[in-house]
Amino acid sequence: MFQILSSKSSITFIFLLIACALGILGYAELNLAPFAWEFKNFLIGQNLNHGFRLYQDIRDNTGPLTANFFQVLDFFSISIFWNAPIAFSIVVFQAYVFQQTIRRFDLMPPLGNLPFFIYLAFFHSSFELFIPSGAILGLSFLLLAWREIMGQQSTLLVNDRVFLIGVYIGIACLCYLSYSLFIFWAILSLLFYSSINIRQILLLVIGFFMILISAGLVFSYHGNLSNFIEVYRNSSFRFQIPSYVDIQTLALSFGPSLIIGLLGLFRVVTHNKIRSNAQKAQQTNLIWMFISTLTLFTVPSLSVIHLVFLLPSLAYFTLNIGYLYKVYWKKELLIWTIMGSICWSLQAEWKNREAQRLGKAHLSIRNKKLMVLGPQLQEYQYNQMVGPFLNWELSKSLFTELDQYKTIVILNDYFGRENPSYIYDPEHNFIKIMPYLPNWTRNYQLVAPNLYQRKH
């Protein structure tokens, strides 16, 4: 298997790529229930096409470019069925950039198509990675920034293309807000391993902030700049301690990739015969790992889909095993270990698939304007979503801070704009807001447990 993957044959490459694509289409044909976050992204695109404003009319921390991506999918009526093929196409593009960067700048001895398929394998170690997300979309631009950094490090003089690095990281940040910290990765990588000067550092930073300022101008035009700034600050620079359950989830899906990647890192550290460009690349990826570790404390949760930025550096370190071990059977063992670990991770997730995916709707109403005051997004599967409460983790604080005048003003603004036919209130928040919004709440009556209907 190692000999097949490390060959330069185009026929082998195309055959294996087609086989992977058929596997993805087979997965899509299973017609499984979507993940909760996957359905949430679908609702974001749908609501944006209905004229809602992100962060003001839709309370969520999804990156603006990611929200626009799902808006485009909804505009062209691309159903959830195509999510897996779309994500596969994005990962194939990333794997191509990954392989071509290694080949173009001679970062490793010739390994054929092995870098491409190692990258592809690592990004299919969890069913959540079969679905497009902000983290995966933004990672494409981080890899383009990595390619530019490798190009700058391979020459003696750094040129003004460092501006593009800042632009790429800025775009990645707008796809996934936690990627803001990677601007420090770019600066440190160029500062330590190239001849960059102050002017070029400023060019890099200007490229980064130019993208953010452009986004700010758009939000300012639509009147929701303050909401964007609040979400950006909380998503990029608000540190939190991971829970034990989150760490368990991380270990289940990324444990094999992490172990193999660290083994490759250990191998390269103990090996002293590595070319100059390869040393710079190894150290740049080590800085990537350090920044990724810091980013872990800013992501919304340690779920698989939020942590894909760990995988490129792990895939790169894993490739060290492919050429630093001289014994053929060890290289062959590497490939089968990767394949076996992926099968093990997918099998473990498959057994628990019902708990991970969107549940069945409990309400019998259909094709109605519905507002859910809780995290039960499944109720929107057969009804039109009304209201801003898409991400309940961000929204529930509004109902626990009713003693603050600011909160009442926000709720009055939200509810004053919407007149849903039904309100589903599994968290019992409707009763809490009755004394504060009597003119609005009096228009609804309880017709079923936790279900209120608008009076005619």
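An angle over 145 degrees between the N-to-C directions of two helix axes counts as roughly antiparallel. Everything shown in these views comes from a predicted model.

**View A. Here helix α2 packs against helix α5.** Take α2 as residues 10-29 and α5 as residues 83-104. Their axes come within 9 Å and cross at roughly 150 degrees, and that angle is over the 145 cut-off, so α2 and α5 run roughly antiparallel to each other. The crossing is a right-handed one. If you want to find the contact by eye, look on the α2 side for L17, C20, A21, I24, L25, Y27 and A28. Their partners in α5 are A84, P85, F88 and V92. What classes of residue make up this contact of α2 with α5? It has 11 nonpolar residues, with no polar and no charged ones.

**View B. Moving along, α5 also packs with α6.** The two axes sit 8 Å apart, at an angle of about 145 degrees. As in View A, the crossing is right-handed: that holds for α5 with α6 and for α2 with α5. From α5, the contact takes F88, V91, V92, Q94, A95, Y96, F98, Q99 and I102. From α6, it takes L114, P115, F116, Y119 and L120. F88 and V92 may look familiar, since these α5 residues meet α2 as well. Sorted by class, the α5 with α6 contact has 12 nonpolar and 2 polar residues, and no charged ones.

**View C. This one zooms in on the pairing of α7 with α8.** α7 covers residues 134-153 and α8 covers residues 162-175. Their axes come within 8 Å and cross at roughly 170 degrees, which makes α7 and α8 roughly antiparallel, too. α7 passes α8 in a left-handed crossing. On α7, the residues to pick out are G134, L137, G138, F141, L142, L144, A145, R147, E148, I149 and Q152. α8 answers with V162, L164, I165, Y168, I169, I171, A172 and C175. The class count for this contact is 14 nonpolar, 3 polar and 2 charged residues.

**View D. Next up is the second largest pocket, with about 610 Å³ of space.** Which of the 23 lining residues are the closest to the pocket's centre? They are C20, F117, A121, M339 and I342. The elements giving two or more residues to this lining are α2, α6 (114-122) and α15 (328-351). C20 ties this view back to View A, where it is part of the α2 side of the contact with α5. By class, the pocket lining comes to 21 nonpolar and 2 polar residues, with no charged ones.

**View E. Last, a look inside the largest cavity, which holds about 90 Å³ of space.** The model has 5 cavities of 30 Å³ or more. Lining the largest cavity are E38, N41, F42, F70, L73, D74, I78, S79, I80 and N83. Two or more of the lining residues come from each of α3 (36-49) and α4 (64-75). By class, the lining splits into 5 nonpolar, 3 polar and 2 charged residues. Set that beside the pocket of View D, whose lining has no charged residues.

Notes:
Residues are numbered from 1 along each chain as its sequence is written. This is a predicted model: local features need pLDDT of at least 70, side-chain atom pairs count only at pLDDT 80 or more; totals for chains, interfaces and linings use all residues. Side-chain values use heavy atoms; hydrogens and water are left out. Axes are lines fitted to C-alpha atoms, for helices over the stretch in contact, and angles run from 0 to 180 degrees between N-to-C directions. Helices (H or I, at least four residues) and strands (E, at least two) are DSSP runs, numbered from the N terminus. Angles under 35 degrees count as roughly parallel, over 145 as roughly antiparallel, 65 to 115 as roughly perpendicular and the rest as oblique. A crossing is left-handed if the near helix is turned anticlockwise from the far one by less than a right angle, and right-handed if clockwise. Contact means heavy atoms within 4.5 Å. Ala, Val, Leu, Ile, Met, Phe, Trp, Tyr, Cys and Pro count as nonpolar, Asp, Glu, Lys and Arg as charged, and the others, Gly among them, as polar. On a 1 Å grid over the protein atoms alone, a cavity is a set of points where a 1.4 Å probe fits but cannot get out, and a pocket is an open set with protein on both sides within 12 Å along at least five of seven lines; lining residues have an atom within 4 Å of a point. Grid points are joined across faces, edges and corners, and a volume is the space filled by probe spheres set on the points.
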